[in-house]
Amino acid sequence: MTVRLPKDKDKHISGTDDIARIMQKVLWRQNKLHRQKEYFWTIGLNAANDIEYVELVTIGTANRNIVTPVQVLSLAAAKQCHKIILCHNHPSGNLEPSEADILFTERMEKAAAILEIELLDHIIITETNYVTI
């Protein structure tokens, strides 16, 4: 599902702070009950680092989300985006990446490289903060 960006945001990304702030606003649009689930998004960028799309790939449970490389990379390939950013939230508020988060990021980096898509970052957000893997 493609996500609409907040209206007050420029689509140009100059760094991780920009995308984290945008994605936190996207998360805040969910009601409090729904924010207790793990969301996983893919953000596609063009060569100038302008956002081409933000896709909600999956909605998981309170502490788990199952995502496959096909789900993550299909829209990027279809739109011919050569750069992507991965983002998911931790409803617990704990920003520490899990072992599964780290392994998934490594796996996605390899899968994206096969398609010549650069994985720029994987961001974990909470309602108030973020960390990158």
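User: Is Glu-99 buried or exposed?
Analyst: Exposed. This is a predicted model, and in it Glu-99 has a relative accessible area of 55%. The cut-off for exposed is over 50%, so Glu-99 qualifies.

User: Which element holds Glu-99?
Analyst: Helix α3. Glu-99 sits on the face turned away from the buried side of α3, and Lys-110 and Ile-114 are exposed there too.

User: And how far is Glu-99 from Val-72?
Analyst: The two C-alpha atoms are 19 Å apart in space. In sequence, Glu-99 and Val-72 are separated by 27 residues.

User: Back to α3. What span should it have, and what does the model give?
Analyst: The helix covers residues 99-114, which is 16 residues. At 1.5 Å a residue it should span 22 Å. The end C-alpha atoms lie 23 Å apart, which agrees.

User: Which α3 residues are buried?
Analyst: Asp-101, Phe-104, Thr-105, Met-108, Ala-111 and Ala-112. Viewed down the helix axis, they fall within an arc of 130°, so they line one face of α3.

User: Why would spaced-out positions share a face?
Analyst: An α-helix has 3.6 residues a turn, so residues three or four places apart point the same way.

User: What does that buried side pack against?
Analyst: Four elements are involved: β1 (39-45), α2 (69-78), β3 (83-89) and β4 (118-125).

User: What comes after the helix?
Analyst: Glu-116 follows α3, and its phi is positive, near 60°.

User: Switching to pockets. How much space is in the largest one?
Analyst: About 340 Å³. The lining has 18 residues, and the closest to the pocket centre are Glu-38, Asn-65, Ser-98, Ala-100 and Asp-101.

User: Which element gives the most to that lining?
Analyst: α3 does, with 4 residues. Asp-101, one of the residues closest to the centre, is also on the list of buried α3 residues.

User: How do the lining residues divide by type?
Analyst: There are 6 nonpolar, 7 polar and 5 charged residues.

User: Where is Glu-38 found?
Analyst: In the loop between α1 (16-28) and β1.

User: Buried or exposed?
Analyst: Glu-38 is buried. Its relative accessible area is 8%, and buried means under 20%.

User: What does Glu-38 touch, leaving out residues up to four places away in sequence?
Analyst: One run of contacts is Thr-58, Ile-59, Gly-60 and Thr-61. Glu-38 also touches Asn-63, Arg-64 and Asn-65. The rest are His-88, Asn-89, His-90 and Pro-91. Asn-65 is, like Glu-38, among the lining residues closest to the pocket centre.

Technical notes:
Residues are numbered from 1 along each chain as its sequence is written. This is a predicted model: local features need pLDDT of at least 70, side-chain atom pairs count only at pLDDT 80 or more; totals for chains, interfaces and linings use all residues. Side-chain values use heavy atoms; hydrogens and water are left out. Helices (H or I, at least four residues) and strands (E, at least two) are DSSP runs, numbered from the N terminus. The expected span of a helix is 1.5 Å times one less than its number of residues. Buried means under 20% relative accessible area, exposed over 50%, partly exposed in between (1.4 Å probe, protein chains only). The arc is that of the directions from the helix axis to the C-beta atoms. Contact means heavy atoms within 4.5 Å. On a 1 Å grid over the protein atoms alone, a cavity is a set of points where a 1.4 Å probe fits but cannot get out, and a pocket is an open set with protein on both sides within 12 Å along at least five of seven lines; lining residues have an atom within 4 Å of a point. Grid points are joined across faces, edges and corners, and a volume is the space filled by probe spheres set on the points. Ala, Val, Leu, Ile, Met, Phe, Trp, Tyr, Cys and Pro count as nonpolar, Asp, Glu, Lys and Arg as charged, and the others, Gly among them, as polar.
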